[in-house]
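Here are some notes to read beside the structure. They take the strands before the nonpolar cores.

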Amino acid sequence: MVTMVLEAIKYTPQGLYILDQLRLPHESVYIPIANSVDAFNAIRSMTVRGAPAIAIVAALALAVELANTEFPTADEVRRFVSEKLKYLVTSRPTAVNLSDAAGKLENLVNETEGDAKKLVGTYIAAAEKMLVDDVNDNTNIGRNGLEWSKKIIGNDKFSILTICNTGSLATAGYGTALGIIRSIHRDGLLSHAYALETRPYNQGSRLTAYELVHDNIPATLITDSMASVLLKTHPEIKMIVVGADRVAKNGDTANKIGTYQLSIIAKHHGVKFVVAAPTTSIDLRTKSGEDIVIEQRKPEELVTFRGPVIDTEGNVTKEEIKTVHIAAPGIGVWNPAFDVAPAALIDAIVTEKGVVEKDENGEFHLEPFFL
């Protein structure tokens with residue numbers, strides 16, 4: 001078991017607390033999540049984010065709620081669980097981990113025989129197991145990504161580019177794409193990590209940069225629009241590694257907006273483009289990226305910016321947080337949260353169960369992970 005460097009989720013049977021990621025990197029504050037409404041609001045506002053973390057917070061929030069609610073019958077438990085899980089899934093429809101977890105938990109409760117107390121206990125145990133399993137899965141993703149990079153890139157040091165936040169703050173611990181970067185760094189093969197700021201919500205500059213600095217990983221932050229010229233001028237970058245909110249059956253991958261353009265420039269510059277995702281992010285029911293629903297975010301995210309005030313001496317004043325408007329009033333806004341990188345531009349999909357590459361016909365086969 002790898003020790004978690006940062007925790008986005010703190011859980012005991014008595015309560016659930018999540019790191020308020022809207023206040024990072026300047027403050028580390030944990031807030032309580034007492035029920036499904038709290039979890040829905042935290043997911044919707046991006047107080048917690050990252051597909052694996054979203055699913056775990058939703059599941060554990062309902063576990064806490066169940067533990068503190070009296071149910072006269074088993075049927076009441078089943079009805080309550082079904083209604084709450086359906087509600088929680090609507091908080092982030094693009095993230096398949098959430099709907100996948102909800103479906104499995106609902107089926108488990110429906111198939112369990114016994115009284116109300118047994119059903120509640122069964123649900124809580126399953127939700128708690130998700131937390132433990134996610135850390136183990138992420139560690140395996142990191143190891144598998146490291147071994148694949150040695151096979152494809154070799155044993156010389158190289159640099160990596162990534163987007164959004166896919167580390168301990170997006171999962172139960174260690175991370176997916178950032179977990180691969182951590183593993184390569186710990187093996188002594190990472191020369192440098194480059195992180196895109198990830199507009200409009202700045203998960204890269206606020207969160208990934210925070211984790212890289214925390215772990216003393218040599219890293220540089222760039223704007224999203226600098227990625228093409230970075231690859232042109234830095235040939236030591238051999239890999240772009242990204243996370244996934246949903247991987248379709250054919251390998252098309254929905255991830256944070258900006259991922260699609262990275263897949264295009266990776267192909268142009270001969271850089272390996274790698275998706276890191278637990279198998280819970282793979283959705284065999286979705287045939288291709290054309291069938292993935294892309295969530296539209298609030299226009300305010302693009303035209304406003306929120307952060308601590310800088311005083312006249314250049315010091316950050318964490319006690320004074322303000323929102324400023326940065327665009328022309330009245331301008332229209334298009335703000336999709338995700339885009340889809342086509343399978344044709346993806347070199348490998350790294351999961352906790354192994355790495356899949358395309359066959360001689362250029363097709364991914366993800367079904368064996370579920371046999």
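1. A term comes before the details. Two strands pair if DSSP finds at least two bridges between them. Keep in mind that this is a predicted model.

2. Start with strand β1, residues 9-12. β1 pairs with β2 in the antiparallel sense, over 4 bridges. A hairpin of 2 residues links β1 to β2. Look at Ile 9: Ile 18 in β2 stands opposite.

3. Stay with β2, which spans residues 15-19. Is β2 mostly covered or mostly open? It is mostly covered, with 4 of its 5 residues buried. Buried here means under 20% relative accessible area.

4. β2 also pairs with strand β3, residues 30-33. These two run antiparallel and are joined by 4 bridges. Across this pairing, Tyr 17 stands opposite Pro 32 in β3. So β2 has β1 as one partner and β3 as another, given the rule that two bridges make a pair.

5. Now move along the chain to strand β7, residues 237-242. Of its 6 residues, 5 are buried, and the strand is mostly covered.

6. Which strand pairs with β7 over 3 bridges? It is β4, residues 158-162, and the sense is parallel. Ser 159 has Ile 237 in β7 as its bridge partner.

7. β7 is joined to strand β10, residues 272-276, as well. Here there are 4 bridges, and the strands run parallel. Val 242 stands opposite Val 275 in β10.

8. Next, the cores. The largest nonpolar core holds 53 residues. Ile 9, Leu 16 and Tyr 123 touch the most other members. At least two residues come from each of β1, β2, α1 (36-44), α2 (51-67), α3 (74-89), α4 (96-111), α5 (116-152) and α7 (203-214). α2 gives the most, with 13 residues. In soluble globular proteins, nonpolar side chains tend to be buried together.

9. Tyr 123 deserves a separate look. What is Tyr 123 in contact with, leaving aside neighbours within four places in sequence? The list is Ala 58, Ala 59, Leu 62, Ala 63, Leu 66, Val 81, Leu 85, Leu 105 and Val 109.

10. Apart from the largest core lies another, of 30 residues. Its members include Ile 237, Ile 265, Val 356 and Phe 369. Ile 237 has appeared above, as the bridge partner of Ser 159. Ile 9 likewise links two points: it stands opposite Ile 18, and it is among the residues that touch the most other members of the largest core.

Terms used
Residues numbered from 1 in each chain as written. Predicted model: local features only at pLDDT ≥ 70, side-chain atom pairs only at ≥ 80, totals over all residues. Heavy atoms only, no water. Buried < 20%, exposed > 50% of the residue type's maximum accessible area, 1.4 Å probe, protein only. Core = buried A, V, L, I, M, F, W, Y, C linked by side-chain atoms within 4.5 Å. Contact = heavy atoms within 4.5 Å.
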